[in-house]
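This report examines the aromatic pairs, ring-associated charges and nonpolar cores of a predicted model. The sequence and structure are shown first.

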Amino acid sequence: MPKRMTRKPSRKRAHVLWFADLGKSDTPLVGGKNASLGEMYRTLTRKGIRIPNGFAVTASAYQYFITSTGVKQKIKATLKGLKTSDITNLMEQGSRVRETILRAKLPTDLQREIRTAYAKLEREYGQRCDVAVRSSATAEDLPDASFAGQQETYLNIRGADAVIEAVKKSFASLFTNRAISYRHDKGFDHFKVSLSVGVQKMVRSDKASSGVMFTLDTDSGFRNVVLINGSFGLGENIVQGAVTPDEFVVFKPTLKTGFKPIIKKTLGQKNVKMIYTADPDRPTRNVVTSDEERQKFCLRDAEVLELAAWGAIIEEHYQQPMDMEWAKDGLTKKLYIVQARPETVVSRQDTSKLETYALKKTSKVMTTGLAVGAKIGSGKPRVILDVKRIKDFKPGEVLVTDITDPDWEPIMKIASAIVTDRGGRTSHAAIVSRELGIPAVVGTNDATRVLKTGQAVTVSAAEGQTGKVYSGILPFEVKTVNLKVVPRPKTKVMMIVGSPEQAFGDSFIPNDGVGLCREEFIAATWIKIHPMALVKYPRLKDKRAVREIAALTVGYKDKPEYFVDKLSQGIGMIAAAFYPKDVIVRLADFKTNEYAGLLGGKEFEPHEENPMLGWRGASRYYTPKFEPAFALEVKALRRVREKFGLKNVKIMVPMCRTVEEGERVIALLKKYGLKQGADGLQVYVMCEIPSNVILAEQFAKVFDGFSIGSNDLTQFTLGLDRDSSLVSKVANENNEAVRRIVSMAIRAAKKAKRKIGICGQAPSDFPEFAQFLVGEGIDSISLNPDTVLKTTLKILEAERGR
């Protein structure tokens, strides 16, 4: 086990220090990265976290080099008159400084110390062992200044001579154009920032996979998850945004209690991977991945959970959200952590204020990708494919490029938005856009082809996980609400949530849980395929649907498992966002025409003259020709509760016309493994048909609670089809007949000692209806996220007057 050696008086002047001798307080000596590596190597390996050994060439060594060789004075002279706003001036000054460093030789005694340290590493790992040489600036990764990625990394370095040359190149990288610009703009003195260099045994991820890991959601700041991105080969491609990686989201609270809560898995394209070469002048290169690699995840579920557990341990040790890099060794098949630093952007955001961006109108969508930043920006695109052309960029333009790396940062900070062809949510472009507070759409695949320099566009990252680039300058609004000033009413204010991607952000709005989790949104946007088409695949009449299903379900040999996986993850994301508060999941309530609209659906759905009154809800579940699909739905819900550990999920049965239907659905749930009352499972019923109200006392004997569906209850009370534009104007929840039947429902539920809430549209649309519900004594009111705050104030007003 690594042990910390006794500190010597000369330690501050030492030129080489081993990881076992370092701790997190040693940033002034060896920079943030190396201090953190030492801290983990010394303290966390005993907890099972694997850290490759290595040593740091110290900041003192750097100062010794630039002072004893006269390099320092030459740099000072060169940087006089620096103007970072002038891209040409910055590039010229930076180039001269780097040449000055590279032409100089490291002092002989410093070279000797590095050779001695590398020889010791060879004794541990073998002759000419491969190492990673990484810079670690003394101002890097401090709470108020993220220097991550400002300097260079050199991989697959072998032999003492190559290590010494890589150390010198790392010293020079302290003065890359982006690093000079960054320090200048952040107010750091160039000579108060020193550089240490870490020399660490490489993990053979060129033969396996690697990536990054955050102990929070990097878009919303939601802290209860671990976000892991990964791809095959060395990890530089992910950091640079050269690939769209696989993505995994793990829920920390139930992970720590023994569950396996991988609540989201997204297969990335992973078109290339970085591997070793035998050429010492070009030690790595990119190769195209195989079809097999692109169609499978780079990590097994057990490995995802192991990494997430390590992330949670590291976060707990540092007592703050962390940003880490991991690697899997293809020879030993073991995982390693190769870097860890505090997350310094999202975790610093003020969550007491809610800022929302919303478009007032839309236009033609030019391209789509992953949304980053939850904001909207507009301007004229500047398509730049070569970093040498960044001097053409003008403030306020939209940067459109293939990928970015730190060389692009001088213009990224003056862009109104960023759009890239490649990259994921943890790519360089995504990380920097969050830090700068500007919207980005990454991984579009075609932005540099479809967007033209000079045309006006609006970049929206405020519409969920999918970012969109619209034609033209579109109007939008920004709303800011201080969440600290909103008191909590006695009536529970719950939310109506359908989008898993927006759930983490919605969870910051003051709430008492989710009163309606809509499965239909997940089915339409995440799954897209009729469940029976997956059950019967490939024996479908529609051969085009067979081909499209094959494309959507790549990586799934068992096609029904695709449905279970996607549905459980969608529900899991929502349940995790609001955990441990109740999340009431309504079983699928598609009508026949809506089910027919899913891929492969026409083959399994009859034509109905009025689907609103037809084969939907409870009547569908127990029908033999649909029961196999319902079994998949129950399997997904079991996975959420039993595998993910999200026991806050309750189930709600829609369109239950008779008490006998309710009993049949309860029995069917039990048949497929969800027993009412077992492990705290409650089953509610939608109160949306007059029979639910008239026979409320009998329904109360079957179900644990009621939720009024005001949309359907209104149409059935007034005898209209709410999908018909001819009579839809008659629909009004404030109608006296509707109010009376709602009042009857509430009184009947109270008499039967059952909880009752409402999850229809009415309280969101009509604040006075919400006030009416409070007067009737309803237990909870569920609202659309954008109406929660204003309706909460109306509820408080009604409670004061009651």
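## Aromatic pairs and nonpolar cores

In this predicted model, the aromatic pairs number 14, counting rings whose centres lie within 6.5 Å. One of them joins Phe175 and Phe191, whose ring centres are 6.3 Å apart and whose planes make an angle of 45°, a tilted arrangement. Phe175 belongs to the loop between helix H6 (160-172) and helix H7 (177-186), and Phe191 to the loop between H7 and strand S5 (195-201), so the pair ties together parts 16 residues apart in sequence. Both Phe175 and Phe191 are buried.

A single aromatic cluster is formed by Phe590, Tyr595, Trp615 and Phe626. Within this cluster, the ring of Trp615 has charged ends sitting over it, from Arg620 and from Lys625.

| Charged residue | Ring | Distance from ring centre |
|---|---|---|
| Arg620 | Trp615 | 3.9 Å |
| Lys625 | Trp615 | 5.0 Å |

The nonpolar cores are considered next. The largest nonpolar core contains 116 residues, of which Ile263, Ile708 and Val742 touch the most other members. Helix H19 (residues 559-578) supplies the largest share of this core, with eleven residues. When neighbours within four places in sequence are set aside, Val742 is in contact with Ile708, Leu713, Phe769, Phe772 and Leu773. A second core, separate from the largest, has 42 residues, among them Leu79, Leu110, Tyr118 and Val131. In soluble globular proteins, nonpolar side chains tend to be buried together.

Technical notes: Residues are numbered from 1 along each chain as its sequence is written. This is a predicted model: local features need pLDDT of at least 70, side-chain atom pairs count only at pLDDT 80 or more; totals for chains, interfaces and linings use all residues. Side-chain values use heavy atoms; hydrogens and water are left out. Rings of Phe, Tyr and Trp (its six-membered ring) pair if their centres lie within 6.5 Å; planes under 30 degrees apart count as stacked, over 60 as edge-to-face and the rest as tilted. Helices (H or I, at least four residues) and strands (E, at least two) are DSSP runs, numbered from the N terminus. Buried means under 20% relative accessible area, exposed over 50%, partly exposed in between (1.4 Å probe, protein chains only). A charge sits over a ring if NZ of Lys or CZ of Arg is within 6 Å of the ring centre and within 35 degrees of the ring normal. A nonpolar core is a set of buried Ala, Val, Leu, Ile, Met, Phe, Trp, Tyr and Cys residues joined through side-chain atoms within 4.5 Å. Contact means heavy atoms within 4.5 Å.
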